[in-house]
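User: Please take a close look at the aromatic cluster and the core around it, and then place that part in relation to the metal site and the charged pairs of the chain.

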Amino acid sequence: MELVFVSLKNDLMNFLYTVIFTLIVIIGVSCTEKNQYIPDDVFSIKIGSNVMKIYDTIDISLEISGEYNINPSVEWSASPGSILHTGSIVKFVAPEKSCIVSLEARIALKESIIIKTTDILVYSQLVILKADDMICDGNNEVSPAWRKFTDYIISKKIKTSIGLIGNSLESGNEAYFAYLKSLSVSGIELWNHGYDHEIRYLEGSGYTWEFKNKPYEYQKEHLNKTQLLAYTTLGLILHTFGAPANALDSTTLKLINETADIKVWFFGMKTDSKLVILRNIELEYPTGKPDFEKFVVNYRSDYDCIPVQIHPNSWTDSSFSEFEKMTDFLIGKGVTFINPYEYYILLNSF
Ligand SMILES: [Zn+2]
């Protein structure tokens, strides 16, 4: 009898110890959660890409970094567009028109709400203007043709990228540098179009180009000279490259892959390390002569992205009006003008 009583007493004591221990743990945990400071930057919105096509669907999730044992509730909203499902992993459906979508995650913690936002560029078609051959002329002046073109782009609130020929930055022409800096401030992307833009035809030996059939060290020197000149005269790091006459070879591929600052390659060779913009439509027939009718015949609305190579410095007034017709046609189609490095950033901003 005494043994049974002792056993019951032990069981009761064990039970009480367990209850007390559990209570201590629960109180401890709840106090910790209550007082736990969780910095804002622990949370981030993970999204496959910040650029997507109309009607497309993309996965979005809330990422929590660090050693935090939390499971907050998340409320998503998108304007415009719609969110499917609830919780920390949802789907976003793009609207039917080109726009910038503001995506918001409201994260409810025990005693605070954290709001995270990101923008998504939704497009029906992307248009990248690739304007080649920026130089200043023999009198160290920017030509009226270039000024007319850049004034038009800015007044029309569209975008263009312009290929700088590096040796034009050696002249020490402050007015030219100020003009280029003002273009950059206006949202025009300046890119590396080689140093001397060599395209020569020699009787008997054919064409020679700056970046094709040239040794590695030669190509490297020419690419880097323009990078350095842009940095020292304009304070700009160029992120896009396009070879003169789009003439290049496997040596150029090796060089571009090794050049960390270059992220985008116009009409380049296939490589996983850079965004390569592929040529698919023309405005100029032949080079330097815009022809709107031919552009329309070859235009395809199902291309995701159309890079249009142009040479505004060689245009007459009638050439310019062909270009104006093209931009009005594209605006009517609801396209989005975008610059190459901006496109790269949006693709890689997650
Ligand atoms: Zn060129």
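Analyst: The account below begins with the aromatic residues and moves outward from them.

The model is predicted. Searching the whole structure gives 19 aromatic pairs. In one of them, the ring centres of Trp146 and Phe149 are 5.9 Å apart and the ring planes meet at 70°, so this pair is edge-to-face. Both residues belong to helix 2, which spans residues 144-155, and they are 3 residues apart, about one turn of the helix. Trp146 has a relative accessible area of 0% and is therefore buried. Phe149 is likewise buried, because its relative accessible area is 0%.

Helix 2 also takes part in a pair that reaches beyond the helix itself. Tyr152 and Phe323 form an edge-to-face aromatic pair, with 5.7 Å from centre to centre and 65° between the planes. Since Tyr152 lies in helix 2 and Phe323 in helix 7 (residues 317-332), this pair ties together parts that are 171 residues apart in sequence. Tyr152 and Phe323 are both buried. Ring pairs join Trp146, Phe149, Tyr152, Trp315, Phe320 and Phe323 into a cluster.

What surrounds Phe149? Leaving aside residues up to four places away in sequence, Phe149 touches Ala131, Thr160, Ile162, Ile310, Pro312, Trp315, Phe320 and Phe323. Of these contacts, Trp315, Phe320 and Phe323 are also members of the aromatic cluster.

The next level is the nonpolar core. In soluble globular proteins, nonpolar side chains tend to be buried together. The largest nonpolar core here has 42 residues, and the members that touch the most others are Phe149, Leu180, Phe295 and Phe323. Phe149 and Phe323 thus appear both in this group and in the aromatic cluster. Two or more residues of the core come from each of strand 9, helix 2, strand 10 (161-164), helix 3 (174-185), helix 4 (216-234), helix 6 (292-298), strand 17 (305-310) and helix 7. Helix 3 makes the greatest contribution, 5 residues. Apart from this core lies another, of 25 residues, which includes Phe43, Leu62, Ile70 and Leu103.

Strand 9, one of the elements that contribute to the largest core, leads to the metal site. The protein donors of the zinc ion are OD of Asp133 and NE2 of both His193 and His197, at 2.0 to 2.1 Å from the ion. Along the chain, the donors follow the spacing D-x59-H-x3-H. Asp133 is in strand 9 (residues 126-134), whereas His193 is in the loop between strand 11 (189-192) and strand 12 (199-202), so these two residues tie together parts that are 60 residues apart in sequence. Asp133 and His193 are both buried.

Two charged residues can be described beside this donor. The side chains of Asp132 and Lys130 form a salt bridge, 3.0 Å from N to O. Asp132 counts as buried because its relative accessibility is 4%, and Lys130 counts as buried because its value is 0%. Lys130 has a second partner: its charged end sits over the ring of Phe266, 5.5 Å from the ring centre. A similar arrangement involves Lys254, whose charged end sits over the ring of Tyr216, 5.1 Å from the ring centre.

The pair of Asp132 and Lys130 belongs to a wider set, for the whole structure contains 14 salt bridges. Another of these joins the side chains of Asp304 and Lys53, at 2.8 Å from N to O. It links distant parts of the chain, with Asp304 in the loop between helix 6 and strand 17 and Lys53 in strand 2 (residues 51-53), 251 residues apart. Asp304 counts as partly exposed because its relative accessibility is 38%.

A further salt bridge involves the loop that follows helix 2. The side chains of Glu342 and Lys159 meet at 2.7 Å, N to O. Glu342 is in helix 8 (residues 340-347) and Lys159 in the loop between helix 2 and strand 10, so the pair links distant parts of the chain that are 183 residues apart. Glu342, with a relative accessible area of 27%, is partly exposed, as is Lys159 at 29% relative accessibility. Finally, salt bridges link Glu198, Arg200 and Lys214 in a network.

Key: Residues numbered from 1 in each chain as written. Predicted model: local features only at pLDDT ≥ 70, side-chain atom pairs only at ≥ 80, totals over all residues. Heavy atoms only, no water. Donors = N, O, S within 2.8 Å, 3.2 Å for Na, K, Ca; no water. Helix = DSSP H or I, 4+ residues; strand = E, 2+ residues; numbered from the N terminus. Buried < 20%, exposed > 50% of the residue type's maximum accessible area, 1.4 Å probe, protein only. Phe/Tyr/Trp six-rings, centres within 6.5 Å; stacked < 30°, edge-to-face > 60°. Lys NZ or Arg CZ within 6 Å of the ring centre and 35° of its normal. Core = buried A, V, L, I, M, F, W, Y, C linked by side-chain atoms within 4.5 Å. Contact = heavy atoms within 4.5 Å. Salt bridge = Lys/Arg side-chain N within 4 Å of Asp/Glu carboxyl O.
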